[in-house]
Amino acid sequence: MISTKMQTLAQNNSVIRAMFEEGKQMAAEFGAENVFDFSLGNPSVPSPAAVNAAAIDILQHEDDLMLHGYMSNAGFEDVRQAVADSLNRRFGTSYGAQNILMTVGAAGGLNIILKVLLNPGDEVITFAPYFVEYKNYVNNYDGNLVVIPANIPSFQPDLEKLAAAITPRTKAVIVNTPNNPSGAIYSAETLAAMASVLESKSLEFGQPIYLISDEPYRELAYDGVEVPWIPHFYANTMVCYSWSKSLSLPGERIGYLVLPSEMDEAELIQSAASIAGRVMGFVNAPSLMQRVVARCVDEKTDLAAYAANRKLLYDGLTELGYECVYPAGAFYLFVKTPEDEAAFVAHAKQHHLLLVPGSSFACPGYVRIAYCVSPETIRRSMPAFKALAGEIGL
Ligand code: PLP
């Protein structure tokens, strides 16, 4: 018999797993070109050419024993320094290798932080809509995820509700900006106000409340909107970054944590974090990918391609009468369901449109449409969205 905790996790996972399996089945039955799978956040833009070129060059010219060998749990020293230097250039910080820990994607980074921070019964606060895995990760370390309901329609964090949700058991707050699934980007003013809430509550309860900034979409911000560097606002911030979306490398599992020296107990957290990955069994981030990203820290994805998809989908859907906020970042459209959410998702499926229900992000009454697909998929899906709109009387 599998563990009780794993039984719950497996059950929680079943909605998304079912959709994934269903998509494959529908593609086999109706032809892949007739199924519009908007369910996955898998980048549709290839990695910049420099990524593969770096991998080839490294494999041909770097020392094999070093390349394929064990290294410090936190990652290669020179790679961490290259990441620190790049952040320092961009954000005017003064990080060194000791502040960077290479991770197995953002998921690996989040798990390391939660493993380091949580005792059983500790609380972690986040804002709906949120990335579905946060709950599983927090529960895995016997913590409780406290969810602040969505602030509709802006999807900006509700700071009064944040202040009210903080208790002596609050260890951390997770923010995700640009946001999956709403596309919202938190402004500098919002972050400054959030910092003052966290500072006064940390004082009130006599212990630090850490802010975990989950940033896999940092580079996906449109129309020149700035994504502020959160540690500038709040000293007890840890940043969780990934190249899964920004360099289209989700299968390679590569990212990093920023553990600033300005944090309370910074050295203790840094050393515990490098041990946490070992305890969890993945030990260190993949070595070849560490060396690749070190050479590609300043490479950029084709943002224009996602921006064009965003406009195509938003214009098409709003013209048909669907309601949604024009997303400022990431690659998802979060659309209000014109009827009951479950009924809408089922109706959409009849038109071969695979959409993720908002309740998977603790925000019922919405669906997430991932526009990291080809522009042809968006164009070809429009008659299906139109037929769906007609059928439900939009
Ligand atoms: N956080 C958010 C908000 C995400 O959307 C994702 C992936 O979609 C992750 C974390 C996990 O990213 P990674 O593939 O780098 O582990």
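**View 1. Tyr241 and Trp243, a buried aromatic pair.** Tyr241 has a relative accessibility of 4% and therefore counts as buried, and Trp243, likewise at 4% relative accessibility, counts as buried too. The coordinates shown in this and the following views belong to a predicted model. Aromatic pairs number 19 in the structure. Tyr241 and Trp243 make up one such pair, with an edge-to-face arrangement in which the ring centres are 5.5 Å apart and the planes meet at 85°.

**View 2. Phe334 and Tyr366, a stacked pair between two strands.** The rings of Phe334 and Tyr366 form a stacked aromatic pair, with 4.9 Å from centre to centre and 10° between the planes. Phe334 belongs to strand S10, which spans residues 332-336, whereas Tyr366 belongs to strand S13, which spans residues 366-370, and the pair thus links distant parts of the chain, its two members being 32 residues apart. Phe334 and Tyr366 are both buried.

**View 3. An aromatic cluster, and an arginine over a ring.** Four residues, Phe38, Tyr322, Phe344 and Phe385, together form one aromatic cluster. A separate panel presents Phe76, whose face has Arg291 lying over it, at 4.6 Å from the ring centre.

**View 4. The ligand and the residues around it.** The ligand is surrounded by 14 residues, of which Asn180, Asp214, Tyr217, Ser242 and Arg253 are the closest. One polar contact involves the backbone, in that a polar backbone atom of Ala106 is 2.8 Å from an oxygen atom of the ligand. Side chains also take part: a polar side-chain atom of Tyr217 is placed 2.7 Å from a ligand oxygen atom, and a polar side-chain atom of Lys245 is placed 2.9 Å from an oxygen atom of the ligand. The ligand taken alone exposes 400 Å², and the protein buries 91% of that area.

**View 5. Cysteines in a structure with zero disulfides.** A disulfide is a covalent bond between the sulfur atoms of two cysteines. The structure holds zero disulfides. Cys324 takes part in none, and the cysteine sulfur nearest to it, that of Cys363, is 13 Å away; because a disulfide requires a pair of cysteine sulfur atoms within 2.5 Å, this separation does not satisfy the criterion. With a relative accessibility of 15%, Cys324 counts as buried, the limit for that class being under 20%. Cys296 is also buried, and its relative accessible area is 1%.

Terms used:
Residues are numbered from 1 along each chain as its sequence is written. This is a predicted model: local features need pLDDT of at least 70, side-chain atom pairs count only at pLDDT 80 or more; totals for chains, interfaces and linings use all residues. Side-chain values use heavy atoms; hydrogens and water are left out. Rings of Phe, Tyr and Trp (its six-membered ring) pair if their centres lie within 6.5 Å; planes under 30 degrees apart count as stacked, over 60 as edge-to-face and the rest as tilted. Buried means under 20% relative accessible area, exposed over 50%, partly exposed in between (1.4 Å probe, protein chains only). Helices (H or I, at least four residues) and strands (E, at least two) are DSSP runs, numbered from the N terminus. A charge sits over a ring if NZ of Lys or CZ of Arg is within 6 Å of the ring centre and within 35 degrees of the ring normal. A residue is near a molecule or strand if one of its heavy atoms lies within 4 Å of it. A polar contact is a pair of N or O atoms within 3.5 Å; within protein, one must be able to donate a hydrogen and the other to accept it, and residues adjacent in sequence count only if both atoms are side-chain atoms. Accessible areas come from the Shrake-Rupley method with a 1.4 Å probe; for residues, only the protein chains shown count as cover.
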